[in-house]
Amino acid sequence: MQELLRQLVAGEPLSEAQAVEAFELVMTGQASPAQIAALLAMIEQRGATIDEIVGAATVMRRHVTPVEVPAGLTVIDTCGTGGDHAGTFNISTAAALVAAGAARRSRADVGVAKHGNRSVTSSSGSSQVLEALGVTLGVDPACSSRCLAEARVCFCFAPAHHPAMKHAAPVRGELGIRTIFNIVGPLTNPAGARRQLVGVWASEMTEPIARVLARLGAERAMVVHGQIPDADGHHVDALDELSTAGPTRVTEVVGQDVTTTELTPEQVGLPYSHPSALRVDGVEASAALIRAVLAGESGPARDIVLLNAAAGLRVAGLAEDLEQGVAMAADAIDAGAAAAALD
């Protein structure tokens, strides 16, 4: 590890093979906390390369505790990187429930293996809000498989599936900053999802992460970065989801093909949302807003959930385009299928 750290100090990034070596040392307990902190901080300060992300993801996938996918089922994930500091409710978690409801309603062989963790950089991570909604965290893989089969959705709580992360988790918590693990987490779905909606915290990340996904064998994916104005409407904050408060940069992956476009809500028939309607203060407020959306309440929260669920349905192959996906998502909510998936 010392040799690899000296290389990073000298300003030279790690090759894919070197990244595999470094993160294997981290995840097998052979690196000290000081070495782990130095590795993470130096990569974050410079920005992780595609080779470094592929290498780290390869090691995490190697050490994952897997969820067996029921025969004939295609799984998707809506796990984003987090770290956007936008203060919104848990949009991708709500979208996962709605997409699962749409899959159940259409009797499609599609399930959502929602991967997530406790948040390091915000007050409400996916696990916190699902716990507030009554979901039991950290169930065994067999239970997750049963959830996929019956509810078409399961929650893969990261600590239960990435035991090798126990060596890095305390360091990551003490650092309290975004690290390469924010990027790698969504790339290491325990159910082996090869169809994904991945939100990222910076627009310049969409194409590199899309290329990482292509190298890791994704069948279809959308990597997105939305914009959301602040309260005075001037400064634009980052959003690691598709946005209804501003434009979204969308990079799509189909096999090895990678294309990038810009999307506005009006292109899919949705109104612009005022940013204040999407922000919440804490876990309970986020859970309450998700309950309201699943109960059929109209408004900005519903609109942004519809857009993100539509993207999930598109990567799953259930919707030809986002417009059809929005309609399917709305039907799933209004028919009670999304709430039933949560139940």
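I count Ala, Val, Leu, Ile, Met, Phe, Trp, Tyr, Cys and Pro as nonpolar, Asp, Glu, Lys and Arg as charged, and the others, Gly among them, as polar.

**Entry 1: the search**

I am working on a predicted model. I looked for enclosed empty space. How many cavities of 30 Å³ or more are there? I noted 2.

**Entry 2: the largest cavity**

I looked up the volume of the largest cavity, and it is about 60 Å³. Then I listed its lining. Thr78, Gly80, Ser92 and Ala95 are among the lining residues. So are Leu197, Val198 and Gly199. Val224, Asp240, Glu241, Leu242 and Asn308 also line this cavity.

Which element gives the most to this lining? Strand 4 does, with 3 residues. Strand 4 spans 195-199. Helix 5 (91-105) also supplies at least two residues.

I sorted the lining of the largest cavity by class. I got 5 nonpolar, 5 polar and 2 charged residues. Asp and Glu count as charged, and Asp240 and Glu241 are both in this lining.

**Entry 3: the second largest cavity**

I turned to the second largest cavity. Its volume is about 30 Å³. Its lining includes Ile76, Ala99, Ala100, Ala103 and Val110. Gly111, Val112, Arg152, Leu313 and Leu318 line it too. Helix 5 and strand 2 (110-116) each give two or more residues here.

How do the residues of this lining divide by class? I found 8 nonpolar, 1 polar and 1 charged. Gly counts as polar and Arg as charged, and I see Gly111 and Arg152 in this lining.

**Entry 4: a link**

I noted helix 5 twice. Helix 5 supplies at least two residues to the lining of the largest cavity, and it gives two or more to that of the second largest.

Methods. Residues are numbered from 1 along each chain as its sequence is written. This is a predicted model: local features need pLDDT of at least 70, side-chain atom pairs count only at pLDDT 80 or more; totals for chains, interfaces and linings use all residues. Side-chain values use heavy atoms; hydrogens and water are left out. On a 1 Å grid over the protein atoms alone, a cavity is a set of points where a 1.4 Å probe fits but cannot get out, and a pocket is an open set with protein on both sides within 12 Å along at least five of seven lines; lining residues have an atom within 4 Å of a point. Grid points are joined across faces, edges and corners, and a volume is the space filled by probe spheres set on the points. Helices (H or I, at least four residues) and strands (E, at least two) are DSSP runs, numbered from the N terminus.
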